[in-house]
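Thanks for sharing this one with me. Here are my notes, set out as numbered points you can follow with the model open beside you.

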Amino acid sequence: MQYLPQATHSEDRGRTITMNLTRRELLSKTTKWILLTGAAATAWDYVLAGKADASPNYDMTKHWWAMVIDVDKCIGCGNCVRACEAENDVPEGFFRTWVERYHIEDWQSDHPDVDSSNGGHDGFAEKYKSGKNFFVPKLCNHCADSPCVQVCPVGATFRTPDGVVLVDEKYCLGCRYCIQACPYGCRFLNPKKNTADKCTLCYHRITQGLTTACCEACPTQARVLADLKNPKDPVHEFLRTHNVQVLKPQMATGAKVFYKNLDGSVR
Amino acid sequence: METILHAVEGYMYLNEVELQWSILIVLYPYITGLVAGAFILASLERVFKVEAVKPTYRLALLTALAFLLVAPLPLQLHLGHPERSFEMYLTPHKSSAMAMFGFVYLWYLMVVLLMEIWLDYRKDIVAGAESATGWKKWIYKLLTLGSRNVSPAALRVDDKVGYFITLIGIPSAFLLHGYVGFIFGSIKANPWWSSPLMPVVFIFSAMVSGIAAVLLLYMLTSKLRKVRIDMRCVDTIGRYLLYTFIIDFSLEMLDLIHRIYEADESLKALDFMVHTKLYFSQVILQIGLGTLVPIALLGLTQIAKLSDGVRKVIYAVCGSLTMVSIFAMRWNIVIGGQLFSKSFLGYTTYKMGFATREGLLPAVALVVLPLIILYVLVKLLPPWHKNEAAA
């Protein structure tokens, strides 16, 4: 939560209007409704506004996006990887999100066996009978103090006011410095566009009021999109009541993908 | 993709399997290092009045220029969108270490190197504009930039300004290459690179490679021109090579010992790498053949009385080994830094193409190109006086 730039409260507008009508607003509304009937009043609203409002009314300053991942819930089915690939046209051999399988025997906790065949795209064949086994979905951490944004020589990669790290593919030089700077291996050079590519947190979806493709496809709700600026988002209670960790906290990148019950061996 | 995955041992983040920075990015610090080193050698004569290295002064400046002109080419060739590279000048991102390269480069090229060479050669250029014939006359006329005043008073001004530019040039050369080191040293995600020593190591290795390059070029051009090699000059350069090499090696060993002693979480991965994938290029080439042998041989010239012929052979061998060593060092940093996973759980392999855009062939071409440029520069602006050839 230390990454919240401002603790502003987003409001459910419709409710606020009906709950907090002033006398003046009440009179004005009543007069309007008396003078004009239903449809005409609606039309008049549009005339006054000048143009139709975009839907939904997305305000960048009212969100601060993050993701919460419950490691215990991930079954390694690969639905998220497939959904991401389909949604975002991810080139073959590269991954905006992927799933890693960890296998740890009790005596080798500092050197786990990790595999991620095709990024977990096709799920995982059963392999281990003993030890500690679990899946870790990975994606861009949309860091608040992102090293990739810091190093981009032209500012083609940037953090949006609502906390999403994006790449302007019309501006990126393809120098790949950002790929080197990412501690989590989340970036790659798109072989078709010759520009840096990575998870956008489905920005085209979340700004329309939808969740990300990976979260939508997850059958166990192991990954859930979270809006840290929305006080009604269940993420707040989740973060309060669970043991939550980010990847490589020593990197101090302000990572915003929060893992519940993350094993200490995960890198 | 399948073939690349076979080259992976252990676990790598999937997007890391293919290397991002190729042999071209190895050339970039190698070439800029030669520029900085050659310039620093030239400035020895000018600022520190080391008369013995005077025969190499102009050659060193022209070498620096030839390599500096080529320095941005490997970067351009490597970019996904080279046509957008000019954006670095128009909209540089202030927090990016890389964004400043264009400005540092331009400063060094326009303000330091071209100015110094022009001022030093002005007398020769004006003479050429008057005595040369054909197309050469026109080139010299153009190079005079309209100033034909070579009176003693004007030359005195040239000399003073030239001295001042060399004074600015020395920190600029340090800046140019120290800055290249910072590009790598400031990447906290990569423990192989992330080190405050990196810029310092880069500066000293640059001096080592630049001094060796000028030493070799001086000996080679003297041989080609059938001119006696000035032993006082090569002895002095050899001595400087030894001193800078010792400092450079000490710094690198300090870095290594520090890593081994600290033994943080990355050490196992890095240690494994040095013993396997980088064993030949780091232990054998860079440290053994490329550093210890030259230091031993150059040390020998300091303590034993050796004949001129033997010393010449030693300088030629040491110069060549040094060039290999510094190339290996750049290779081990750039390529080595990408061979292990940032998860510290696996390793990949660098597969270099041949006639591809970032393959071996363009890399070789980029090393030969500065030598061709140097040949043209030497023809146009001879670094030695005509009467010297008769000596």
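1. Let's begin at Val214(B). Setting aside neighbours within four places in sequence, Val214(B) is in contact with Ala38(B), Leu41(B), Thr56(B), Leu59(B), Ala60(B) and Thr63(B). Please keep in mind that this is a predicted model, and try picking out these partners one by one.

2. Val214(B) also belongs to something bigger. The largest nonpolar core has 171 residues, and those touching the most other members are Val35(B), Ala38(B), Ala64(B), Ile211(B), Val214(B) and Leu241(B). Which helix gives this core its largest share? Helix α2 of chain B, residues 23-47, does so with 17 residues.

3. Next, look at α9(B), which runs over residues 198-225. Of its 28 residues, 20 are buried, so α9(B) is largely enclosed by the rest of the structure. Its length works out nicely too: at 1.5 Å a residue the helix should span 40 Å, and its end C-alpha atoms are indeed 40 Å apart. Just after the helix, Lys226(B) takes a positive phi of about 55°.

4. Helix α10 of chain B covers residues 231-262. With 32 residues, α10(B) reaches 46 Å from its first C-alpha to its last, close to the 46 Å expected at 1.5 Å a residue. You can check a similar distance yourself: the C-alpha atoms of Met231(B) and Tyr261(B), 30 residues apart along the chain, are separated by 44 Å. Just after α10(B), Ala263(B) has a positive phi of about 45°.

5. Stay with α10(B) and ask what its buried residues pack against. They meet α9 (198-225), α12 (279-303) and α13 (308-334) of chain B. Among the buried residues of α10(B) are Cys233(B), Ile237(B), Leu241(B), Phe245(B) and Phe249(B). Leu241(B) is a name to recognise, as it is one of the core residues that touch the most other members.

6. Is Tyr261(B) buried or exposed? Tyr261(B) lies in α10(B), and it is exposed, with 8 other C-beta atoms within 10 Å. The cut-off for exposed is 12 or fewer, so the count for Tyr261(B) falls on that side.

7. Now move over to chain A. Its secondary structure comes to nine helices and eleven strands. Of the 267 residues in chain A, 40% are buried. Among contacts between residues at least 6 apart in sequence, 65% join residues at least 24 apart.

8. An open sheet in chain A is worth tracing with your finger. Its four strands come in the order β9-β1-β11-β10, and the pairing is mixed. Strands β9 and β10 (244-245) stand at the edges with a single partner strand each, so one side of each has no neighbour in the sheet. Even so, four of the five residues of β9 (223-227) are buried, which means that this strand is largely enclosed by the rest of the structure.

9. Zoom in on one pair from that sheet. Strand β1 (65-70) of chain A and β9(A) are antiparallel and share five bridges. Met67(A) stands opposite Leu225(A) in β9(A). As background, strands of a sheet pair through backbone hydrogen bonds, either parallel or antiparallel.

10. Two loop residues of chain A deserve a look at their backbone angles. Most residues other than glycine have a negative phi, and most peptide bonds are trans. Asp89(A), however, has a positive phi of about 55° although it is not a glycine. Asp89(A) sits in the loop between α4 (79-88) and β2 (97-104), and it is exposed, with 10 other C-beta atoms within 10 Å. Asn118(A) also has a positive phi, of about 50°. Asn118(A) is in the loop between β3 (113-115) and β4 (132-139), and with 16 other C-beta atoms within 10 Å it is partly exposed.

11. How do the two chains meet? Contact between them involves 31 residues of chain B and 37 residues of chain A. On the chain B side there are 15 nonpolar, eleven polar and five charged residues.

12. Finally, a word on confidence. The model scores ipTM 0.92 and pTM 0.88. Chain B has a mean pLDDT of 93, with 97% of its residues at 70 or more. Within chain B, confidence is highest in α13(B), at 97, and lowest in helix α16 (386-390), at a mean of 52. Where pLDDT is low, the predicted coordinates should not be read in detail.

Note on methods. Residues are numbered from 1 along each chain as its sequence is written. Chains are lettered from A and ligands numbered from 1 in the order in which they are written. This is a predicted model: local features need pLDDT of at least 70, side-chain atom pairs count only at pLDDT 80 or more; totals for chains, interfaces and linings use all residues. Two residues are in contact if their C-beta atoms, placed from the backbone, lie within 7 Å. Two strands pair if DSSP finds at least two bridges between them. Ala, Val, Leu, Ile, Met, Phe, Trp, Tyr, Cys and Pro count as nonpolar, Asp, Glu, Lys and Arg as charged, and the others, Gly among them, as polar. A nonpolar core is a set of buried Ala, Val, Leu, Ile, Met, Phe, Trp, Tyr and Cys residues joined through C-beta atoms within 7 Å. The expected span of a helix is 1.5 Å times one less than its number of residues. pLDDT is the predictor's confidence in each residue, from 0 to 100.
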